[in-house]
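Please look at the chain below before reading on, and keep the picture beside the text as you go.

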Amino acid sequence: QVQLVEAGGGLVQPGGSLRLSCAASGLIFSIYAMGWYRQAPGKQRELIATITTAGSTNYTDSVKGRFTISRDNAESTVYLQMNNLIPEDTAVYYCNAGRMVQHTTLTYWGQGTQVTVSS
């Protein structure tokens, strides 16, 4: 059974930092691309950062220069370092694991972790 378990969310003041983690089990972590999504109240879930199996990263414009995604294949864990947080970063953050198998996309989701940026 595949499980993705996020941790590290919480309440932080504007300008602060948080580090999210997502521990995966039940899959061969190294062959999955990983991503972080977030969903703010009343908004659609959005993709904010991805990291490929080779370690290449990509970010949505709103978090470039502030967030860093990384992975530790030995620990089957993906991280999201979030710096200089702003209130607009308030959302539930989800990690995602995905890979293509023939013509089908296998994708798994974590349960989400709440991040609240407020003074």
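The report that follows moves from the whole chain to its strands, then to single residues and a pocket.

This is a predicted model, in which local features need pLDDT of at least 70 and side-chain atom pairs count only at pLDDT 80 or more, while totals for chains, interfaces and linings use all residues. Residues are numbered from 1 along each chain as its sequence is written, and side-chain values use heavy atoms, with hydrogens and water left out.

**The chain as a whole**

The protein chain holds zero helices and eleven strands, where helices (H or I, at least four residues) and strands (E, at least two) are DSSP runs numbered from the N terminus. Along its principal axes, the C-alpha trace spans about 45 × 30 × 25 Å. The radius of gyration is 14 Å, which agrees with the value near 14 Å for a compact globule of 119 residues; this radius is taken over C-alpha atoms, and the globule rule is 2.2 Å times the number of residues to the power 0.38. Of the 119 residues, 39% are buried, a word that means under 20% relative accessible area, whereas exposed means over 50% and partly exposed lies in between (1.4 Å probe, protein chains only). If we take the contacts (heavy atoms within 4.5 Å) between residues at least 6 apart in sequence, 55% of them join residues at least 24 apart.

**Strands and their partners**

In a regular strand the side chains alternate between the two faces of the sheet. Strand S1 (residues 3–7) shows such an alternation, with Leu4 and Glu6 pointing to one face and buried, while Gln3, Val5 and Ala7 point to the other and are not buried. Two strands pair if DSSP finds at least two bridges between them, and the table lists three such pairs, each with one pair of residues that face each other.

| Strand pair | Sense | Bridges | Residues paired |
|---|---|---|---|
| S1 and S3 | antiparallel | five | glutamate 6 and cysteine 22 |
| S4 and S5 | antiparallel | five | methionine 34 and isoleucine 51 |
| S5 and S6 | antiparallel | three | threonine 50 and asparagine 58 |

Strand S4 covers residues 33–39 and S5 covers residues 46–51, and the two form a hairpin with six residues between them, where glycine 42 in the turn has a positive phi of about 75 degrees. S5 also forms a hairpin with S6 (residues 57–59); five residues lie between those strands, and glycine 55 takes a positive phi near 95 degrees.

**Residues in strand S9 and in the loops**

Alanine 97 lies in strand S9 (residues 91–101), and it counts as buried because its relative accessibility is 0%. Leaving aside neighbours within four places in sequence, alanine 97 is in contact with several residues, including Leu4, Met34 and Tyr108.

The loop between strand S8 (77–82) and S9 contains asparagine 84 and also aspartate 89. Are these two residues buried or exposed, or something in between? Aspartate 89 is buried, since its relative accessible area is 1%, whereas asparagine 84 counts as partly exposed at 46%. Asparagine 84 has a positive phi of about 50 degrees although it is not a glycine. Aspartate 89 touches Asn84, and among its other contacts are Arg38, Arg66 and Val117, not counting residues up to four places away in sequence.

Glycine 15, in the loop between strand S2 (10–12) and strand S3 (18–25), also touches Asn84, together with Leu85, on that way of counting. Glycine 15 counts as partly exposed, because its relative accessibility is 48%. Although glycine 15 and serine 119 are 104 residues apart in sequence, they are 9.9 Å apart in space, C-alpha to C-alpha.

Glutamine 102 is found in the loop between S9 and strand S10 (104–109). Its phi, near 55 degrees, is a positive value in a residue other than glycine, and glutamine 102 is exposed, with a relative accessible area of 76%.

**The largest pocket**

A pocket is found on a 1 Å grid over the protein atoms alone, as an open set of points where a 1.4 Å probe fits, with protein on both sides within 12 Å along at least five of seven lines, and its lining residues have an atom within 4 Å of a point. The largest pocket holds about 150 Å³ of space, a volume being the space filled by probe spheres set on the points, which are joined across faces, edges and corners. Among the residues that line the largest pocket are Arg38, Lys43, Glu46 and Glu88. The lining divides into two nonpolar, three polar and four charged residues, where Ala, Val, Leu, Ile, Met, Phe, Trp, Tyr, Cys and Pro count as nonpolar, Asp, Glu, Lys and Arg as charged, and the others, Gly among them, as polar.
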